[in-house]
Amino acid sequence: MSLLDEIRTRLAVLEPVDLTIQDDSALHAGHAGNGGGGHFNVCVVSSQFSGKSPIIRHRIVYQALADLIPSKIHALSIRALAPDENNP
């Protein structure tokens with residue numbers, strides 16, 4: 001299973017109505033501090049985020065991916081939205 005598939009599978013527990021994962025690893029190859037893990041941008045829209053603060057939403061995402069950080073995921077940018085907040 002690819003790392004993108006692994007991330008997608010783990011975030012499926014949030015029952016997302018929309019999930020976008022962008023792998024930006026190639027843009028950061030070789031920079032200082034990168035021990036080989038990938039760089040990812042994640043946008044997840046889930047009703048499980050309704051009524052929760054941004055920090056709680058991020059904690060939920062980090063919890064789902066915790067054991068992949070920092071070995072397989074070096075950097076993670078998260079956009080976590082409730083369905084009524086889904087905008088471009």
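Select Asp67 and Arg10: the two residues form a salt bridge, and their closest N and O atoms are 2.3 Å apart. This pair ties together distant parts of the chain, since Asp67 sits in the loop between helix 2 and strand 3 while Arg10 belongs to helix 1, 57 residues apart. Asp67 counts as exposed, with a relative accessibility of 54%. Keep in mind throughout the tour that this is a predicted model.

**The whole chain**

Now zoom out and colour the chain by secondary structure. Two helices and three strands appear in the protein chain. Starting at the N terminus, the order of these elements is α-β-β-α-β. The chain has 88 residues, of which 31% count as buried. Switch on the surface: about 5200 Å² is exposed, with carbon and sulfur atoms supplying 54% of it. Among contacts with a separation of 6 or more, 65% are between residues 24 or more positions apart.

**The sheet**

Hide the helices and look at the strands. In what order do the three strands of the open sheet stand? The order is 1-2-3, and the pairing is mixed. Strand 1 and strand 3 are at the edges with a single partner strand each, so one side of each has no neighbour in the sheet. Direction ignored, neighbouring strands of this sheet are turned by 15 degrees against each other on average. As background, strands of a sheet pair through backbone hydrogen bonds, and the pairing can be parallel or antiparallel.

Select residues 18-23, which are strand 1, together with strand 2. These two strands run antiparallel and are joined by six bridges. To see one of the pairings, pick Thr20: the bridge partner of Thr20 in strand 2 is Cys43.

Next add residues 73-81, which are strand 3. Strand 2 and strand 3 run parallel, with eight bridges between them. Two pairs are worth labelling here. Gly38 stands opposite Ile73 in strand 3, and His39 stands opposite Ala75 in strand 3.

Now select strand 2 alone, residues 38-45. Why is strand 2 described as largely enclosed by the rest of the structure? Seven of its eight residues are buried, so the rest of the structure largely encloses strand 2.

**The helices**

Bring the helices back. Select residues 3-11, helix 1. Helix 1 lies across strand 1, strand 2 and strand 3, and runs at about 155 degrees to strand 1.

Then select residues 54-65, helix 2. Follow the chain from strand 2 through helix 2 to strand 3: together they make a right-handed β-α-β unit. Helix 2 lies across strand 2 and strand 3, running at about 135 degrees to strand 3.

**The end of strand 3**

Select Leu81, which is found in strand 3. Is Leu81 buried or exposed? Leu81 has a relative accessible area of 12%, and the cut-off for buried is under 20%, so Leu81 counts as buried. Add Pro54 and draw a distance between the C-alpha atoms of Leu81 and Pro54. They are separated by 8.5 Å, although the two residues are 27 residues apart along the chain.

**The other salt bridges**

The tour ends where it began, with charged side chains. How many salt bridges does a search of the whole structure find? The search finds four.

Show the side chains of Asp5 and Arg8, which meet in a salt bridge of 3.8 Å, N to O. Asp5 and Arg8 are three residues apart in helix 1, so about one helical turn separates them. Asp5 is partly exposed, at a relative accessible area of 36%. Arg8 is also partly exposed, at 37% relative accessibility.

Move to Glu85 and Arg57, whose side chains meet in a salt bridge of 2.6 Å, N to O. Here too the pair links distant parts of the chain: Glu85 is in the segment after strand 3 and Arg57 is in helix 2, 28 residues apart. Glu85 is partly exposed, with a relative accessible area of 29%, whereas Arg57 counts as buried at 7% relative accessibility.

For the last selection, return to Arg10 and Asp67 and add Glu6. Salt bridges with shared partners join Glu6, Arg10 and Asp67 into one network.

Definitions and conventions
Residues are numbered from 1 along each chain as its sequence is written. This is a predicted model: local features need pLDDT of at least 70, side-chain atom pairs count only at pLDDT 80 or more; totals for chains, interfaces and linings use all residues. Side-chain values use heavy atoms; hydrogens and water are left out. Buried means under 20% relative accessible area, exposed over 50%, partly exposed in between (1.4 Å probe, protein chains only). Helices (H or I, at least four residues) and strands (E, at least two) are DSSP runs, numbered from the N terminus. Two strands pair if DSSP finds at least two bridges between them. A crossover is right-handed if, with the strands pointing away from the viewer, the path from the first strand over the helix to the second runs clockwise. Axes are lines fitted to C-alpha atoms, for helices over the stretch in contact, and angles run from 0 to 180 degrees between N-to-C directions. Contact means heavy atoms within 4.5 Å. Accessible areas come from the Shrake-Rupley method with a 1.4 Å probe; for residues, only the protein chains shown count as cover.
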